[in-house]
Amino acid sequence: MSKKIAFQGEPGAFSHAAAANVFPGEEFVGCVTFEETLNAVQSGKADFAVVPVENSLYGRITDIHHLLPESGLFIIGETYLRVEMNLLGVPGATLEDVKAVQSLSVALGQCRRFISENGFRTINAVDTAGSAREVAQKADKSVAAIASRFAGEIYGLNVLASNIEDADHNTTRFLVLSPKEKLAPQEGKVKTTFIFRVRNVPAALYKAMGGFATNGVNMTKLESYMVGGAFTATQFYADIEGHPDDIGVQHAFDELKFFTDQFSILGVYPASEQG
C-alpha cells in the first residue's frame, strides 16, 4: 500500500521534487499553504510531509519555524534540493520563439541576467509549477515558464534552456515530518533539532549556550523569533550535530535546561550527506 506524502504547492513544485527524492514512487498530496500541509499529516490524510525550512539565498522559511513547534509532528529526516531554474516551452517552441517568461517573482529575480540578455517580458505568477501548468494550457510558443525540470516533465513542456539562474549555489533544505516520533540510532551522523526559551535572567542565553562549547557539541543552527507578539517572549530554534544519548549532548542539555523555562526536542534524525 502506497504512502501519501504532503507538500506545499502544485504538482511540479520544488517541494514536490524534494518529496519525490525522499519517497520515490509514493502518492503525493499538494497543499495550498504550510498549515494545510501539516494538517494533512495531523488529520491522517497524509502519512508524512516534506517542507522547506531554509534556503541558501533567502535564509529561513519563517512560517515553518512558527508552525512546527505547535504541530505535534516530529522531524525524522532531512534532504537538500539544488534549485535549478529552467526555461520551459510548449512542444515545438524554440528559444527564438519566446517573447515572455512567466514565473514566481522570486524565480524571475533569480534569473535576471538570462531574462535581460534575451530581452524577455516578464509575467508575475503565484508559483513556478503553476506557471508551467498555465503555459502548457495556453499552448503559445511565445510564452515560456521558468520552473523545475520536474514540472516540465509533469506538464509536457520542453526544456529550452537549463540552469538559467544567476547564482549556482541556490539550495533549499527540507525536513521530513511524521506524526510519530522516530529517533535515529546513535551510530552514524545524527542531527538533533530542538526549541527552547531562556529564563528572564541576565546573560541567560550566553550561559545556556556555554554547555555546548565546553562539551564539544557543534551547533549548526540557532535562530530566534518572537512568540505571541511579545517583544520579551523570544523562542530559539536550534540544530546540533549529535544524539541526545551522547554523553556530551546530555551534559550540554543539562546546562541548557538550567537557564530555560521551556525546552522541547522536535526530532533526532540521520543527517543528510548533502548537509
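**View 1. Glutamate 10 and arginine 133 form a salt bridge.** This view, like the others, shows a predicted model. The closest N and O atoms of glutamate 10 and arginine 133 are 2.7 Å apart. Between domain 1 and domain 2, the count is one salt bridge. Polar contacts are counted here too: five residue pairs link domain 1 and domain 2 in this way, both residues being at pLDDT 80 or more. On the side of domain 1 that touches domain 2, eight residues are nonpolar, three are polar and one is charged.

**View 2. Domain 1 meets domain 2.** The protein chain is divided into three parts: domain 1 (4-83 + 170-178), domain 2 (85-161) and domain 3 (190-270). Note that domain 1 is listed as two stretches of the chain, 4-83 and 170-178. The C-alpha centres of domain 1 and domain 2 lie 24 Å apart. Twelve residues from domain 1 and 14 residues from domain 2 make the contact. Together the two domains bury about 970 Å² between them. Carbon and sulfur atoms account for 60% of that area. Which residues of domain 1 lose the most area to domain 2? They are Glu10, Gly12 and Phe14, together giving 50% of what the domain 1 side buries.

**View 3. Helix 1 is largely enclosed.** Helix 1 covers residues 14-22. Seven of its nine residues are buried, so the rest of the structure largely encloses this helix. The buried residues are Phe14, Ser15, His16, Ala17, Ala18, Ala19 and Ala20. Look again at Phe14: this residue of helix 1 is buried, and Phe14 is also among the residues of domain 1 that lose the most area to domain 2.

**View 4. Arginine 173 is a buried residue.** Find arginine 173 in strand 11, which runs over residues 171-178. Is arginine 173 buried or exposed? Its relative accessibility is 2%. The cut-off for buried is under 20%, so arginine 173 counts as buried.

**View 5. Arginine 173 makes side-chain polar contacts.** One polar contact, of 2.8 Å, joins the side chains of arginine 173 and aspartate 239. Another, of 2.9 Å, links the side chain of arginine 173 to the side chain of tyrosine 269. What else does arginine 173 touch, leaving aside its neighbours within four places in sequence? Its contacts include Val51, Pro52, Val53 and Glu54. Glu78, Thr79 and Tyr80 are also in contact with arginine 173. So are Lys191 and Lys221.

Technical notes: Residues numbered from 1 in each chain as written. Predicted model: local features only at pLDDT ≥ 70, side-chain atom pairs only at ≥ 80, totals over all residues. Heavy atoms only, no water. Domains from an automatic or database assignment. Contact = heavy atoms within 4.5 Å. Buried area = accessible area lost by both parts, 1.4 Å probe. Salt bridge = Lys/Arg side-chain N within 4 Å of Asp/Glu carboxyl O. Polar contact = N/O pair within 3.5 Å; in protein donor to acceptor, adjacent residues only side chain to side chain. Nonpolar A, V, L, I, M, F, W, Y, C, P; charged D, E, K, R; others polar. Buried < 20%, exposed > 50% of the residue type's maximum accessible area, 1.4 Å probe, protein only. Helix = DSSP H or I, 4+ residues; strand = E, 2+ residues; numbered from the N terminus.
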